Amino acid sequence: LLYTSYSYSQAVDSAIKFLENANQIDYQAKIWNLNPGANDTSFLLKQDHVCFTMADSLFNAHFSFDDDHGTSLYNGQEYIMVKKDPGIATVVNLNETPEWRKKIFCAYSYVMILQLLKWAKIEKDVNKIDGLNEIRIVASNKAFRGRMEDAVGENSEITIKFFPGSYYPQNMAIRSHKDGQIVVNSGVFFSDLKISDHCNPGLYSKESISHSVAIADHKMSRNIKVGDTMPNWVVYKPYDKTKILLRELNKEKILLIEFWSTSCRYCIKSVPTLNDLYNRFKENGLEIVYANGLNRDSDDDIEAFIKEYGIRYNVYRFGNICDGFSFPTFLLVDKKGIILYKSVGYPADLKGDVETIMKKCND
């Protein structure tokens, strides 16, 4: 590891120790982002609570970030994402779904800065520069988006400046370029800094979420297997954003769920079959849940898809449980919430598979 000066090494070590020993830190963050193409700057205010703990092997911290769009919490075991509109909380147990650990977003926070400083100490492909009350990290072939693992292919420069007389960050700027073009030009100002010797675990728990928010434990659908109990996912209808817990739909109903997107040709192929199955078995308690991910298609695209292909069953929006698995994926759930059938990809005989199970369920 090549440092540009010995003082840089001391500065990095001191900054890491400052954050690790702070325990509870509360502050306000003002994030700015300069749009490289439009030459305009947008701002977002957020309130952060961070509890640094060496007992946590992932971040060395628990945190709560709150802004106008929602709140994200991490307490060492659960990652909780709250959407203020329409008021949905997604709770992910990281022990059960470890692939989510790389999805946690902690950009423009003291948590991210601690991760950057630790990374800079061991990363060989980095030029590190110390200045007046600041640390600069220049990384080649590395992008920073505030997650544990980011795309390569960009060259980044991160400048961290500290409050006078301390190594608590006062602001951070990130500038990245690729193929000669600026792709990221953003940063954050920290203010109203409060340091406490005692961590407040209540800030990072489910109980800290408003009772007006629907809470459901989420599990990636690709981890679900036949015989499991269906997670109580939160779903809502396009446009009116009516929230529904999946177990409410499951009452006295057999659910046939298909995860789909408008660009999936086998999802299009399934529509006539699902229309037929719904017409034949709806009186026997079959409810079809056509599940589209929030980050997949717009409400307008979904409405056009429904009209174009003549869908006659119910369409719902799901959260980011739809990330990371193949389309289509089918699940058949009995009235007790037990998964009886799962197919990743379009099955050879979807109609026959469902008919067989429906006959057994109604015998």
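**Exercise 1. Helix α4**

List which residues of helix α4 are buried.

*Solution.* In α4, the buried residues are C267, S270, V271, T273, L274, N275, L277, Y278 and F281. Buried stands for a relative accessible area under 20%, exposed for over 50%, and partly exposed for what lies in between, with a 1.4 Å probe and protein chains only. Helices (H or I, at least four residues) and strands (E, at least two) are DSSP runs, numbered from the N terminus. The model is predicted, so local features need pLDDT of at least 70 and side-chain atom pairs count only at pLDDT 80 or more, while totals for chains, interfaces and linings use all residues. Residues are numbered from 1 along each chain as its sequence is written, and side-chain values use heavy atoms, with hydrogens and water left out.

Next, look at the cover. The elements over these buried residues include β15 (254–260), β16 (286–293), α5 (299–309), β18 (329–333) and α6 (350–361).

**Exercise 2. Length and bend of α4**

Compare the expected span of α4 with the distance between its end C-alpha atoms, and find where the helix bends.

*Solution.* Step one: the expected span of a helix is 1.5 Å times one less than its number of residues. Step two: α4 covers residues 265–281, which is 17 residues, so it should span 24 Å. Step three: the end C-alpha atoms lie 25 Å apart, which agrees.

For the bend, take the angle between axes fitted to the seven residues ending at a position and the seven starting there. At V271 this gives about 35°, and a proline, P272, follows within four residues.

**Exercise 3. A residue of α6 beside α4**

State where K351 sits and which residues it touches.

*Solution.* K351 belongs to helix α6. Its relative accessible area is 32%, so K351 is partly exposed. Contact means heavy atoms within 4.5 Å. Not counting residues up to four places away in sequence, K351 touches T273, D276, L277 and R280. K351 and L277 are 74 residues apart in sequence, but their C-alpha atoms are 7.1 Å apart in space.

**Exercise 4. Disulfides**

Find how many disulfides the structure has and describe each link.

*Solution.* The criterion is a pair of cysteine sulfur atoms within 2.5 Å. A search of the whole structure returns two disulfides.

- C51 and C199 are joined, with 2.2 Å between their sulfur atoms. The pair links distant parts of the chain, 148 residues apart: C51 is in strand β2 (residues 40–52) and C199 in the loop between β11 (181–196) and β12 (214–218). The angle about the S-S bond is -135°, a left-handed link. C51 is buried at 4%, whereas C199 is partly exposed at 29%.
- C264 and C267 are joined, S to S 2.5 Å. The angle about the S-S bond is 85°, a right-handed link. C264 is buried at 9%, and C267 is buried at 0%.

Counting bonded cysteines along the chain, the pattern is 1-2, 3-4.

**Exercise 5. Nonpolar cores**

Describe the largest nonpolar core and the other one that lies apart from it.

*Solution.* A nonpolar core is a set of buried Ala, Val, Leu, Ile, Met, Phe, Trp, Tyr and Cys residues joined through side-chain atoms within 4.5 Å. The largest has 49 residues, and F63, Y110 and M172 have the most contacts inside it. Helix α2 (residues 110–122) gives the largest share of this core, nine residues. Another core, of 43 residues, lies apart from it; among its members are I244, C267, L277 and I302.
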